[in-house]
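User: I would like a close look at a single part of this model. Please keep it brisk.
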Amino acid sequence: MALRPVVPLLVDVALVVVFAAIGRATHDGDVLGAGGAGLLTTAWPFVVALLLGWAVARAWRHPLAVRRTGLPVWVVTVVVGMLLRAVSGQGVAVAFVIVATLTLGLLLVGWRFVAALVGRRSRAAR
């Protein structure tokens, strides 16, 4: 049975929100922030960028593909997410850009890589 594209999209969104939550917990000590809007404020630029990355990569066609989907979704998420943070007055320090690039790469490309390995092993076991 083919995996519906909504599941990988939700995985990507969840991982971006986890990325934002970890960053808030590490730096602010408060994941949700005042009134609960802190996580939303931190995550929205990357979630919007992720959705754009999905559109650019046409990720719904091959949502689990590492190179065809994972890499472009990752790059668009980082670049556009940083641009949106900058225009919305949020920080884009060099250290943050490096950490975000590495972390989002690990998350957005990494889970697809693991899924590909699991898929190969399950096909080989048949």
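Which elements do the buried residues of H2 pack against? Please walk through that helix and its aromatic contacts.

Analyst: One caution to begin: this is a predicted model. The buried residues of H2 pack against three partners: H1, helix H3 (66–87) and H4. The buried set consists of Gly38, Leu39, Thr42, Ala43, Pro45, Phe46, Val47, Ala49, Leu50, Gly53, Trp54 and Ala57.

Take the helix as a whole. H2 has 20 residues, and at 1.5 Å a residue they should span 28 Å. The end C-alpha atoms of H2 are 29 Å apart, which agrees. Yet H2 also bends, by about 40° at tryptophan 44. A proline, proline 45, follows within four residues. Proline 45 is itself among the buried residues of H2.

Now glycine 38. This residue is found in H2. Glycine 38 is buried, because its relative accessible area is 10% and the cut-off for buried is under 20%. Leaving aside residues up to four places away in sequence, glycine 38 touches Arg24, Val31, Leu32 and Gly33. Alanine 21 is 17 residues from glycine 38 along the chain, and their C-alpha atoms are separated by 9.2 Å.

Next, the aromatic contacts. A search of the whole structure finds three aromatic pairs. One of them joins phenylalanine 19 and phenylalanine 46 edge-to-face, at 5.4 Å centre to centre and 90° between the planes. Phenylalanine 19 lies in helix H1 (residues 6–27) and phenylalanine 46 in helix H2 (residues 38–57), so this pair ties together parts that are 27 residues apart in sequence. Both rings belong to buried residues: phenylalanine 19 has a relative accessible area of 10%, and phenylalanine 46 has 0%.

Phenylalanine 19 has another partner, phenylalanine 96. That pair is stacked, with 6.4 Å centre to centre and 25° between the planes. Phenylalanine 96 lies in helix H4 (residues 94–125), so its pair with phenylalanine 19 of H1 ties together parts that are 77 residues apart in sequence. Phenylalanine 96 counts as partly exposed, at 25% relative accessibility. Phe19, Phe46 and Phe96 form one aromatic cluster. The cluster therefore has a member in H2 and one in H1, plus one in H4.

Finally, the exit. H2 is followed by arginine 58. The phi of arginine 58 is positive, near 50°.

Definitions and conventions
Residues are numbered from 1 along each chain as its sequence is written. This is a predicted model: local features need pLDDT of at least 70, side-chain atom pairs count only at pLDDT 80 or more; totals for chains, interfaces and linings use all residues. Side-chain values use heavy atoms; hydrogens and water are left out. Rings of Phe, Tyr and Trp (its six-membered ring) pair if their centres lie within 6.5 Å; planes under 30 degrees apart count as stacked, over 60 as edge-to-face and the rest as tilted. Helices (H or I, at least four residues) and strands (E, at least two) are DSSP runs, numbered from the N terminus. Buried means under 20% relative accessible area, exposed over 50%, partly exposed in between (1.4 Å probe, protein chains only). Contact means heavy atoms within 4.5 Å. The expected span of a helix is 1.5 Å times one less than its number of residues. The bend at a residue is the angle between axes fitted to the seven residues ending there and the seven starting there.
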